[in-house]
Amino acid sequence: IRWGDTIRNPKHKEGDALMKFDTVVANPPFSLDKWGADEAAEDIHNRFWRGVPPKSKGDWAFISHMIESAYEGTGKIGVVVPHGVLFRGSSEGKIRQKTIEENILEAVIGLPANLFYGTGIPAAILIFNKGKENSNVLFIDASQGYDSGKNQNKLRKKDIQDIVNTYEDFNRGKLGTGVVAEKFAYVATKEELAENEYNLNIP
């Protein structure tokens, strides 16, 4: 574990290069302002070659860092994001489109609201796979399965298992395209994503 500034001065390095990992998992700060956009265009690690995210929202900066920190051909990334990451336009839309066209996005998992400390907004998990073998993307709407708490909602074991089982079935090639679980899961083709202008909004 290294305490530092992931974007301006990443600590996980070997010499001058970013360290690579089999698995990269994070819950970065949601829509961070002043994340380091001014320095990003000159980034010595070339993490922002898909585009530089807006100054006021650093979500795609952290995602880009995570993708570049995973091994080519095998690395997997899991990142918790606010829903705006799935559909906001402008520079974020261009980065999202390039990432989808690169065919490393594997799954979009919508979570219930009020799940995380400090924010009541619903979040999503994006799964990227740098060794992805097909061009489809799995969408899971897990926003309705939770245990309602006084201050915070919680995923039950069953809710987590439903997500995991669906994802594993997708990964093993057991799911076709279209609706694969009523009101819960959908497998989209790359053509559908293009038709929807690379908008990943779950509804």
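**Sheet, helix packing and selected loop residues**

In this predicted model, strand E8 (residues 178-181) and strand E9 (residues 185-188) pair in the antiparallel sense over 3 bridges. Within this pair, Val179 stands opposite Tyr186 in E9. The two strands E8 and E9 form a hairpin, with 3 residues between them. One residue of the turn, Lys183, has a positive phi of about 55°.

The hairpin strands belong to an open sheet of 7 strands, arranged in the order E3-E4-E6-E5-E7-E9-E8. The pairing in this sheet is mixed. Strands E3 and E8 stand at the edges, and each has a single partner strand, so one side of each is left without a neighbour in the sheet. From one strand to the next, the twist averages 20°. Parallel pairing is found between strand E5 (residues 105-110) and E7, over 4 bridges. In this pair, Ala107 stands opposite Leu138 in E7.

Two helices that pack on the sheet are H2 and H5. Helix H2 touches E3, E4 and E6, and its direction makes about 175° with that of E4. Helix H5 also packs on the sheet, where it touches E4, E5, E6, E7 and E9. The direction of H5 makes about 165° with that of E7.

The surroundings of H2 were examined further. Of the 10 residues of helix H2 (residues 59-68), 10 are buried, so the helix is largely enclosed by the rest of the structure. The buried residues are Asp59, Trp60, Ala61, Phe62, Ile63, Ser64, His65, Met66, Ile67 and Glu68. The cover over them includes strand E2 (17-18), strand E3 (23-26), strand E4 (76-82) and strand E6 (123-129). Helix H3 (84-87) and helix H4 (90-101) are also among the elements that cover H2.

The packing of H2 against H4 was described by its geometry and its residues. Two packed helices are described by the angle between their axes and the distance between the axes. For H2 and H4, the angle is about 25° and the axes are 10 Å apart. That angle makes H2 roughly parallel to H4. The crossing of the two helices H2 and H4 is left-handed. On the H2 side, the contact is made by Asp59, Trp60, Ser64 and Ile67. On the H4 side, Glu92, Ile95, Arg96 and Thr99 take part. By class, the contact of H2 with H4 has 3 nonpolar, 2 polar and 3 charged residues.

One of the H4 residues in this contact, Thr99, was considered individually. Thr99 lies in helix H4 and has a relative accessible area of 1%. This value places Thr99 among buried residues because it falls under the 20% limit. Leaving out residues up to four places away in sequence, Thr99 touches Arg50, Trp60, Ile67, Ile104, Leu105 and Phe128.

Several residues in loops were also examined. Ser135 is placed in the loop between E6 and E7. At 28% relative accessibility, Ser135 counts as partly exposed. Residues touched by Ser135, apart from those up to four places away in sequence, are Asn103, Thr189 and Lys190. Ser135 and Glu102 are 33 residues apart in sequence, and their C-alpha atoms are 9.5 Å apart in space.

Arg156 is located in the loop between strand E7 (137-141) and helix H5 (157-171). With 39% relative accessibility, Arg156 counts as partly exposed. Beyond residues up to four places away in sequence, Arg156 touches Gly145, Tyr146 and Asp147. Gly145 is separated from Arg156 by 11 residues in sequence and by 7.8 Å in space, C-alpha to C-alpha.

Backbone angles were considered at two further loop positions. Most residues other than glycine have a negative phi. Lys34 has a positive phi, near 55°, and is placed in the loop between E3 and helix H1 (37-40). At 66% relative accessibility, Lys34 counts as exposed. Asn114 also has a positive phi, near 55°, and is found in the loop between E5 and E6. The relative accessibility of Asn114 is 25%, and Asn114 counts as partly exposed.

Conventions: Residues numbered from 1 in each chain as written. Predicted model: local features only at pLDDT ≥ 70, side-chain atom pairs only at ≥ 80, totals over all residues. Heavy atoms only, no water. Buried < 20%, exposed > 50% of the residue type's maximum accessible area, 1.4 Å probe, protein only. Contact = heavy atoms within 4.5 Å. Pairing = 2+ DSSP bridges. Axes fitted to C-alpha atoms, helices over the stretch in contact; angles between N-to-C directions. Parallel < 35°, antiparallel > 145°, perpendicular 65-115°, else oblique. Left-handed = near helix turned anticlockwise from the far one by under 90°. Nonpolar A, V, L, I, M, F, W, Y, C, P; charged D, E, K, R; others polar.
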